[in-house]
Amino acid sequence: MMESVQQTITRVSQELNCSATSLRVAEHLDRHDELRLLRQEFLIPKISDLPPSDLSLVDGSEDCIYFAGNSLGLQPKNAKKYIEEELEKWATIGVHGHLKGSRPWAWAEDTLEELMAKIVGAKPEEVVLMNGLTVNLHLLMLSFYKPSPKRYKILLEDKAFPSDHYAIESQIRLRGLDVTDSMLIIKPRQGEDTIRTEDIVSVIEREGDAIALVMLSGVQYYTGQLFNMEAITSAGHAKGCLVGFDCAHAVGNAELQLHDWNVDFACWCSYKYVNSGAGGLAGAYIHEKHAHSVKPTLYICNINMKKKVD
């Protein structure tokens, strides 16, 4: 069984006979990280180039310690090369670039969907790259949130990403329902920062007959909590709920197996831990079991996904 992060840190600190927060633990983990060489593939800003930096306290020539991956990933060194190739194609063949070359612009997402499917643990036909994160979230909820008089609530976490909260509220209002009654918000226990999985499952078991949709984050942006998506999905399905996740802070950051976990749908952006850059295409996932049932609302908005189903 794979160790959790906490178990790994505890084991290493015991082996090194030091505190779990010691620099020695971090340095040991860096030395033994199988992915450590990938650091060389990214451009890391220098401290002197970052505002504001007090150069009386730090060496401005050193690389910064970059913690902003949840907002914008580091630039891959190859990004400039690829952009320049497309600019050259635009300069030389103009409009024909839509359909010609190794990366035709009109079908740009086709070259990426199989790779993205591997990242989120899905089948290629379950994944599409299109739009932005919140647009995709709205389209997915239009497809999956089908409230009835008895089953109409949406379960979300406290301090969900603001745009997610607003999107859920908008979808509830769109159906003519009362937000206060229809939005079921779960919070951490008093004095705790993260939400226990057993508490989420307990709410689903208690309120599940009234929950139409469980809509949580994959990784909670505010606390960094990685939700147990498999357990939550299983609990939701046991009560007849549909389950979706905003994986914006999880994709490229945590191992995902959306298909095997039987998640109904998910969406994400690509400029955080996938490092695509601002304006990169967002992603959406729909489990293959829903391939035809959501077609009337979602697929008409995306010819490419419709093509896959037909």
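**View 1. Five bridges tie strand 6 to strand 7.** This close-up comes from a predicted model, and the two strands in it run parallel. Look for S217, which sits opposite D246 of strand 7. On the strand 4 side, strand 6 is again in a parallel pairing, this time over three bridges. There, I154 has L213 of strand 6 as its bridge partner. How many residues of strand 6 are buried? Seven of the seven are, so the strand is largely enclosed by the rest of the structure.

**View 2. Here is the whole sheet, seven strands in an open arrangement.** Reading across, the order goes 3-9-8-7-6-4-5, and the pairing is mixed. Which strands sit at the edges? Strand 3 (127–129) and strand 5 (183–186) do, each pairing on one side only. Ignoring direction, neighbouring strands in this sheet are turned against each other by 20° on average. For the antiparallel part, zoom in on strand 8 (residues 265–268) and strand 9 (residues 283–286), which are linked by four bridges. One pair to pick out is A266 with its bridge partner Y285 in strand 9.

**View 3. Two helices pack against strands of the model, starting with helix 4 lying across strand 3 and strand 8.** Helix 4 covers residues 113–120 and runs at about 120° to strand 3. Helix 6 packs on the sheet too, and touches strand 4 (153–157), strand 5, strand 6 (211–217) and strand 7 (242–246). Relative to the direction of strand 5, helix 6 points at about 155°.

**View 4. Helix 5 passes helix 6 in a right-handed crossing.** The helices in question span residues 133–144 (helix 5) and 162–174 (helix 6). Their axes come within 10 Å and cross at roughly 35°. Which residues make the contact? From helix 5 you get T134, L137, H138, M141 and L142. Helix 6 answers with S163, D164, A167, I168, S170, Q171 and L174. Sorted by character, the contact residues come out as six nonpolar, five polar and one charged.

**View 5. The largest nonpolar core takes in 35 residues.** Within it, V120, V214, C247 and W268 have the most contacts. Several elements chip in with two or more residues: helix 4, strand 3, strand 5, helix 8 (197–207), strand 6, helix 9 (229–238), strand 7 and strand 8. Which element gives the most? That would be helix 8, with four residues. A second core, separate from this one, holds 26 residues, including M130, I172, A248 and I286.

**View 6. V120 gets a close-up with the residues it touches.** Leaving out residues up to four places away in sequence, V120 touches V127, V251, L256, Q257, L258 and W268. Both V120 and W268 are on the list of residues with the most contacts inside the largest core.

**View 7. Zooming out, the protein chain shows ten helices and nine strands.** Its C-alpha trace spans about 65 × 60 × 40 Å along the principal axes. Of the 310 residues in the chain, 39% are buried. What share of the contacts between residues at least 6 apart in sequence joins residues at least 24 apart? The share is 59%.

Notes
Residues numbered from 1 in each chain as written. Predicted model: local features only at pLDDT ≥ 70, side-chain atom pairs only at ≥ 80, totals over all residues. Heavy atoms only, no water. Axes fitted to C-alpha atoms, helices over the stretch in contact; angles between N-to-C directions. Left-handed = near helix turned anticlockwise from the far one by under 90°. Contact = heavy atoms within 4.5 Å. Nonpolar A, V, L, I, M, F, W, Y, C, P; charged D, E, K, R; others polar. Pairing = 2+ DSSP bridges. Core = buried A, V, L, I, M, F, W, Y, C linked by side-chain atoms within 4.5 Å. Buried < 20%, exposed > 50% of the residue type's maximum accessible area, 1.4 Å probe, protein only.
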